[in-house]
Amino acid sequence: MEIKVNFISQEKLNGFSTDEKLEFILKEVEKGQILVLERGLKAEEQTKLIEMTMNDVNEKFTGIEMESYIEEKPTFLQKLLGKNSARMTIVGPAGTLKTIYK
């Protein structure tokens, strides 16, 4: 099994709108790529990505798996607002990420 990992910088994703960013991620994952996003996805973006994925699930594409790692020391503002932003997110085809975790 060939595994391809693509590191995506925060700078590249900042150039996209939310919809463009999620479409880019979904297309790459459908190709079998595992993406390591330098700056993670917000909770709302993760939810929308899962919704988009559900529309594309078929025999060939079984879905995505996502893992986010949050900042260990949130800023004062994040604490005040109760928001933790993801430091890094890994997104890939469901079966592939399960294999890597093992």
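Is Ile-3 buried, partly exposed or exposed? Ile-3 counts as partly exposed, because its relative accessibility is 38%, above the 20% limit for buried and below the 50% limit for exposed. Before I go on: this is a predicted model, and everything I say was computed from it.

Staying with Ile-3 for a moment, it sits in the segment before β1, the strand that covers residues 4-8. Along the chain, Ile-3 and Gly-32 are 29 residues apart, and their C-alpha atoms are separated by 7.7 Å.

Now the overall layout. The protein chain has 5 helices and 4 strands. Read from the N terminus, the order of elements is β-α-α-β-α-β-α-β-α. The chain has 102 residues, of which 34% count as buried. If we take the contacts with a separation of 6 or more, 68% of them are between residues 24 or more positions apart.

Next, helix α1, residues 10-14, which is where Gln-10 is placed. Gln-10 has a relative accessible area of 32%, so this residue is partly exposed. With neighbours within four places in sequence left aside, Gln-10 is in contact with Glu-38 and Arg-39. Gly-40 is 30 residues from Gln-10 along the chain, and the C-alpha separation of the two is 8.5 Å.

On to the aromatics. How many aromatic pairs does a search of the whole structure find? The search finds 1. The partners are Phe-16 and Phe-24, with 5.5 Å centre to centre and 35 degrees between the planes, and the pair is tilted. The label is tilted because 35 degrees falls between the 30 degree limit for stacked and the 60 degree limit for edge-to-face. The two rings fall into separate accessibility classes: Phe-16 is partly exposed, with a relative accessible area of 28%, whereas Phe-24 is buried, at 18%.

Now the helix packing. Two packed helices are described by the angle between their axes and the distance between the axes. Here the helices are α2, residues 18-30, and α3, residues 43-56; their axes come within 10 Å and cross at roughly 50 degrees. Why is this pair called oblique? An angle of roughly 50 degrees is over the 35 degree limit for roughly parallel and below the 65 degrees where roughly perpendicular begins, so α2 and α3 are oblique to each other. The handedness of the crossing is right-handed.

Which residues meet there? From α2, the contributors are Thr-18, Asp-19, Lys-21, Leu-22, Glu-23, Ile-25, Leu-26 and Glu-30. From α3, they are Glu-45, Lys-48, Leu-49, Met-52, Thr-53 and Asp-56. By class, the residues of this contact are 5 nonpolar, 2 polar and 7 charged.

Last, the loop between α3 and β3. I have two residues here, Phe-61 and Thr-62. Are they buried or exposed? Phe-61 is buried, because its relative accessibility is 8%. Thr-62, at 56%, counts as exposed.

As for contacts, residues up to four places away in sequence are again not counted. Phe-61 touches Leu-26, Val-29, Glu-30, Thr-53 and Asp-56. Among these, Leu-26 and Glu-30 in α2, and Thr-53 and Asp-56 in α3, also belong to the contact between the two helices. Thr-62 touches Val-57 and Ala-94.

Both loop residues can be placed relative to Gly-95. Phe-61 is 34 residues from Gly-95 along the chain, with 9.7 Å between the C-alpha atoms. For Thr-62 and Gly-95, the sequence distance is 33 residues, and C-alpha to C-alpha they are 7.7 Å apart.

To sum up the part on packing: α2 and α3 cross obliquely with right-handed geometry, and the loop residue Phe-61 is buried, touching Leu-26 and Thr-53 among others.

Terms used:
Residues are numbered from 1 along each chain as its sequence is written. This is a predicted model: local features need pLDDT of at least 70, side-chain atom pairs count only at pLDDT 80 or more; totals for chains, interfaces and linings use all residues. Side-chain values use heavy atoms; hydrogens and water are left out. Axes are lines fitted to C-alpha atoms, for helices over the stretch in contact, and angles run from 0 to 180 degrees between N-to-C directions. Angles under 35 degrees count as roughly parallel, over 145 as roughly antiparallel, 65 to 115 as roughly perpendicular and the rest as oblique. A crossing is left-handed if the near helix is turned anticlockwise from the far one by less than a right angle, and right-handed if clockwise. Contact means heavy atoms within 4.5 Å. Ala, Val, Leu, Ile, Met, Phe, Trp, Tyr, Cys and Pro count as nonpolar, Asp, Glu, Lys and Arg as charged, and the others, Gly among them, as polar. Rings of Phe, Tyr and Trp (its six-membered ring) pair if their centres lie within 6.5 Å; planes under 30 degrees apart count as stacked, over 60 as edge-to-face and the rest as tilted. Buried means under 20% relative accessible area, exposed over 50%, partly exposed in between (1.4 Å probe, protein chains only).
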